[in-house]
Amino acid sequence: MEDEVKLYAVAGSPFVCRVEIALNLKGIEYQIVEEDLKNKSSDLLNFNPVRKEVPVLLHNGNPISESLVIVEYIDHVWKGFPILPHDPYEKSVVRFWAKFIDSTCIPALFKVFGSNGAEQAIAGACEQLQILEDELAAKGTKFFGGDDINLIDVAANFIAYWLGMLEEGTEIKFVTKDKFPKIMEWADNFVKVEVVKRVLPPRIIPPKAQLLAVFKKRFGNS
């Protein structure tokens with residue numbers, strides 16, 4: 001029986017995009033179910049009753065939530081392109097960096113825009129980005145995954161694409177080639193990967209006031 005794969009999503013989400021990249025890496029056909037986060041469907045609330053958020057992957061009736069959990073599930077279930085290494089130690093290292101990006105780097109970046117570019121927030125974000133910069137420099141490879149992307153690269157998709165749009169839209173610029181040459185080079189390479197290009201949303205930048213209001217509401221006091 002052919003797998004039934006549905007992805008509950010909203011357009012433009014970097015977290016949904018992580019899952020789409022993984023599905024495309026594996027060559028999996030899937031159906032997008034668009035959600036309205038102001039009027040969430042009963043399906044979404046049923047499939048993800050704790051977070052009540054997208055993305056949710058529905059595979060043969062079984063719901064999986066949280067973007068990086070979904071990506072690991074996809075890698076485990078479907079053969080083909082390896083998103084995580086097979087070696088247990090190497091796999092643990094990749095998971096560490098993906099979690100670091102997800103739980104430390106990205107919240108630090110969100111805090112910059114939530115604080116309207118406060119100096120302390122920028123310093124905190126740059127400190128975390130410097131760790132990634134040093135890791136890329138130490139590896140000396142095109143991607144975090146080496147010659148090909150892996151879970152770390154997928155986890156960092158926000159840094160590669162959405163961060164620049166936010167900087168432009170809010171006029172808060174703190175990530176430059178001078179400060180982070182390896183990250184900027186990596187980002188340029190990442191967005192050119194065919195399976196990534198296919199799922200990136202159009203480069204549409206909302207007005208500055210609108211962006212800052214959203215981030216202040218969600219992350220201004222974090």
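Two strands count as paired here if DSSP finds at least two bridges between them. Keep that in mind for the opening stops of this tour, and remember that you're looking at a predicted model.

**Stop 1: the strands**

Start by selecting β1, residues 5–9. Four of its five residues are buried, so the strand is largely enclosed by the rest of the structure. Now add β2, residues 31–34. β1 and β2 run parallel to each other, and their pairing spans four bridges. To see how they line up, click on Lys 6 and look across: Gln 31 of β2 stands opposite.

Next, bring in β3, residues 56–59. This strand pairs with β1 too, but in the antiparallel sense, again over four bridges. Two pairs of residues help you find the register. Leu 7 sits opposite Leu 57 of β3, and Val 5 sits opposite His 59 of β3.

Stay on β3 for a moment. Which residues of β3 are buried on one side, and which on the other? Select Val 56 and Leu 58 for one side, then Leu 57 and His 59 for the other; all four are buried, so both faces of this strand are covered. As a rule, side chains in a regular strand alternate between the two faces of the sheet.

Now for β4, residues 62–65. β3 and β4 make an antiparallel pair with four bridges. Pick Leu 57 once more and you'll find Ile 64 of β4 opposite.

**Stop 2: some backbone oddities**

Zoom in on the turn of the β3 and β4 hairpin, where two residues lie between the strands. Asn 60 is in this loop, and its phi is positive, near 50°. With a relative accessible area of 36%, Asn 60 is partly exposed. For context, most residues other than glycine have a negative phi, and most peptide bonds are trans.

There's another case to visit. Jump to Asn 116, in the loop between α4 and α5. Its phi is positive as well, near 60°.

Then go to Pro 55, which you'll find in the loop between α2 (42–47) and β3. The peptide bond leading from Val 54 into Pro 55 is cis, with omega near 5°.

**Stop 3: one side of α3**

Select residues 67–77 to light up helix α3. Which of its residues are buried? They are Ser 67, Leu 68, Ile 70, Val 71, Ile 74 and Asp 75. Look down the helix axis with those six highlighted: they cover an arc of only 155°, which puts them on the same side of α3. What covers them? Among the elements doing so are α1 (14–26), β3, β4, α4 (88–114) and α6 (151–155).

**Stop 4: α8 and a cavity**

Move on to α8, residues 181–191. Its buried residues are Ile 183, Trp 186, Ala 187, Asn 189, Phe 190 and Val 191. Show α1, α5, α6, α7 and α9 (194–197) as well, since the cover over those residues includes them.

While you're here, how many cavities of 30 Å³ or more does a search of the whole structure find? It finds one. The largest cavity holds about 40 Å³ of space. To outline it, select Leu 132, Leu 136, Phe 144, Ala 156, Ile 159, Ile 183 and Trp 186. By class, that lining has seven nonpolar residues, with no polar and no charged ones. Helices α5 (119–139) and α8 each supply at least two of the lining residues.

**Stop 5: two acidic residues to compare**

Finish with a pair of clicks. Buried or exposed: what is Glu 167? This residue of helix α7 is buried, because its relative accessible area of 5% is under the 20% cut-off. Beyond its neighbours within four places in sequence, Glu 167 is in contact with Phe 113, Ile 172, Lys 173, Phe 174 and Val 175. If you try the distance tool, Glu 167 and Ser 13 have C-alpha atoms 17 Å apart, with their positions 154 residues apart along the chain.

Last comes Asp 178, in the loop between α7 (157–170) and α8. Asp 178 is exposed, with a relative accessible area of 75%. From its C-alpha to that of Phe 143 is 19 Å, and the two are 35 residues apart in sequence.

Notes:
Residues numbered from 1 in each chain as written. Predicted model: local features only at pLDDT ≥ 70, side-chain atom pairs only at ≥ 80, totals over all residues. Heavy atoms only, no water. Buried < 20%, exposed > 50% of the residue type's maximum accessible area, 1.4 Å probe, protein only. Arc of directions from axis to C-beta. Contact = heavy atoms within 4.5 Å. 1 Å grid on protein atoms, 1.4 Å probe; cavity = no way out; pocket = protein on both sides within 12 Å on 5 of 7 lines; lining within 4 Å. Points joined across faces, edges and corners; volume = space filled by probe spheres on them. Nonpolar A, V, L, I, M, F, W, Y, C, P; charged D, E, K, R; others polar.
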